Number of protein chains: 2
Amino acid sequence: MSQFENVTIVKKANVYFDGKVTSRTVLFADGTKKTLGIMMPGEYEFGTDAKEIMEILGGQLQVLLPGEEQWTAISGEGEFTVPANSKFKLKVTAVTDYCCSYIQE
Amino acid sequence: MSQFENVTIVKKANVYFDGKVTSRTVLFADGTKKTLGIMMPGEYEFGTDAKEIMEILGGQLQVLLPGEEQWTAISGEGEFTVPANSKFKLKVTAVTDYCCSYIQE
């Protein structure tokens, strides 16, 4: 799916890490939410409330998921899932375009 | 208007200047288009096809509009209009969040 139809988009960006990570919030008719974001190169730690499915649309990064000791590399497209109420680390090595889905369980 | 409802958003970002300028395309039911974007600090020159209304949602920059000799400063929120088929320059000094409307004449 290359575009989302019949959605609401919040105009102002969400800005993190001095703007090195930014996103826009997309709200769906079924009450679900996604963010579409950009990460500039850098190292980041994020915390989740809901479970998150991170779809990498393009870029290059390594992710350290909670409970893991090995970093997972993604180059180009990819996807990983982060449990609710947890933390994960990213090492972003090229501008990365992503779509994050928030999953209420 | 803090959000756009009943719109289509293109999933993948538009990426310019090595990712220092990125945007997402929002398509409206009436056939019009806007982009919601982020500019990192830097100096940029852009060209227009359609007339553009640039609404600055937050940030800090100076703009040199076509035919002008003086730069115009915007801090926080602001707006400027660029004619079709022209060029304009920006000096962005803080992460800047914008909404660009493309006006078909």
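This tour moves from the whole of chain A to the strand pairing of chain B.

The model is predicted: local features need pLDDT of at least 70, side-chain atom pairs count only at pLDDT 80 or more, and totals for chains, interfaces and linings use all residues. Residues are numbered from 1 along each chain as its sequence is written, chains are lettered from A and ligands numbered from 1 in the order in which they are written, and side-chain values use heavy atoms, with hydrogens and water left out.

**Chain A**

Select chain A and display the cartoon: 0 helices and 9 strands appear (DSSP runs, H or I of at least four residues for helices and E of at least two for strands, numbered from the N terminus). Its C-alpha atoms fill a box of roughly 40 × 30 × 25 Å along the principal axes.

Next, colour chain A by burial; 46% of its 105 residues are buried (under 20% relative accessible area, 1.4 Å probe, protein chains only). Among contacts (heavy atoms within 4.5 Å) with a separation of 6 or more, 59% join residues 24 or more positions apart.

**Chain B**

Now select strand S6 of chain B, residues 51-64, together with S9(B), residues 87-103: the two pair in the antiparallel sense over 12 bridges (pairing requires at least two DSSP bridges). Within this pair, B:Gln60 has B:Ala94 as its bridge partner.

Add S8(B), residues 78-82, which pairs with S6(B) over 5 antiparallel bridges; here B:Ile53 is partnered by B:Thr81. Finally, select S7(B), residues 72-75, joined to S6(B) in the antiparallel sense by 4 bridges, where B:Ala73 stands opposite B:Gln62.

Notes: Buried means under 20% relative accessible area, exposed over 50%, partly exposed in between (1.4 Å probe, protein chains only).
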